[in-house]
Amino acid sequence: MPLLLLMLLAAGAAAAAEAATPSLSIGVNYGANADNLPTPTAVAAFLASKTTIDRVKLFDANPAFISAFAGTPISLAVSLPNSALPALADKSTGLDAARSWIRANLSPFVPATNVTLLLAGNEILLSTDTNLILSLLPAMRRLAQALKAEGLTGVRVTTPHYLGILAPSDGIPSNATFRAGYNEKLFPAMLQFHRDTGSPFMVNPYPYFSYNAQTLNYALFRPNAGIYDPATKLNYTSMLDAQVDAIYTAMKKLGYGDVDIAIGEAGWPTQAEAGQIGVGVQEARDFNEGMIRVCSSGKGTPLMPGKKFETYLFSLFDENQKPGPIAERHFGLFNPDFTPVYDLGLLRDGSSVAPNPAPNPSPNPSPKPSPSGGGKWCVAKTGANGTDLQNNINYACGYVDCKAIQSGGACFDPNNLQSHASFAMNAYYQANSDSASACDFKGTGVVTSSDPSYGSCKYVS
């Protein structure tokens, strides 16, 4: 490859990294079931000064951890243990119990520490304890009342749910509903609570626990044929997108599509049992890069394009004291000395390069296309592989406005990959000042001087 081209590509990649870094703010789960971790104060100082991590989720209300984040810009999610909920749910004494807990565990630290979420237990609906399940929503209500009474109005109440709250289905998002019983008796009231209080409905979607050899690429945001949803005419090439849109669909069917969704936990391990496919540093990086693109860049999901989600990666560190399979101890993003286990572009000091937004080379994309007036367009080559074209759509639409090729848009018809990819690829090409390299798309794009616009579908130029 000519030296000049190498230099141009390197400069473009550096510019792309610099442009992407501010959009990579993300939350992280901070567990401490380990005997080799730095102090909470050191952790808080590192996250606040060296990373783009702006939210931290704790699994308890340890005062040493809460106080460590005092005076930092990082917002904190603090958790109550599952065992505390029945006492808080009591009709006669629950509110007093909630106020006492808040006075002891939050009031001494707020507002110096920016606590924004109070989590009522964790994955309660996994429990076989009926009393605990019945206590969940009443306890959430008492906590919200107590926070208001104690003057902590900036703290919202939610609870993380496992993905099993959805009824078994075929994996097509439009078919999703909540489980029978929960769908009628629990979630309508809980979602009303979230709407009334402005708190998010929090779920823990884990493609890692759902993949197999055939769906590995689908789980890792790698090129794949995807799963087509005939009801919405959307093709899903990411399991996380499908899981989040399934939750959204179940909520919308109950009339609560306006309630925000937060992702409490999701991640991918770097080690697992011997012989397990799909686990390693590259797999973990691919998954987390993809999740950051979906949740933090404003890309959104197919049913919620342009949306950002309050999201907490799992997890900040490996936890060498956790029981269970090997993978449970190897979800960490950073080593105890604060060096990255792998590069996700989360460091501020330039020692870490921001994640490449997609498998295709990027010449420094702009968020929206601006007309160049050059009289040239980028379209998909005739005969290009369908998987490549879908990957091009996923990539380009992470940076440019693709509403025109969504159902009902001016360029939705003809509804095929060739047409949709051409529109997305051209929008991306124009956003990059019609640079020839921006139409390469691994050899599947071609520049033309013939305007591909038709009818009401206008291709920017």
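Me: What is the size of the largest nonpolar core, and which members touch the most others?
Reply: A nonpolar core is a set of buried Ala, Val, Leu, Ile, Met, Phe, Trp, Tyr and Cys residues joined through side-chain atoms within 4.5 Å. The largest one holds 105 residues, of which Phe178, Phe187, Phe201 and Trp268 touch the most other members. Ala384, Tyr395, Ala427 and Phe441 are among the 26 residues of a second, separate core. This is a predicted model: local features need pLDDT of at least 70, side-chain atom pairs count only at pLDDT 80 or more, and totals for chains, interfaces and linings use all residues. Residues are numbered from 1 along each chain as its sequence is written, and side-chain values use heavy atoms, without hydrogens and water.

Me: Why is Thr158 called buried?
Reply: Buried means under 20% relative accessible area (exposed over 50%, partly exposed in between; 1.4 Å probe, protein chains only). Thr158 has 0% relative accessibility and therefore counts as buried.

Me: What makes the approach of the Thr158 side chain to Pro200 a polar contact?
Reply: A polar contact needs a pair of N or O atoms within 3.5 Å, one able to donate a hydrogen and the other to accept it. The side chain of Thr158 reaches the backbone oxygen of Pro200 at 2.7 Å, so the pair qualifies.

Me: Which residue is the centre of the kink in helix α7?
Reply: The kink, about 25°, is centred on Pro188 in α7 (residues 182–197). The bend is the angle between axes fitted to the seven residues ending there and the seven starting there. Just after α7, Gly198 takes a positive phi of about 70°.

Key. Helices (H or I, at least four residues) and strands (E, at least two) are DSSP runs, numbered from the N terminus.
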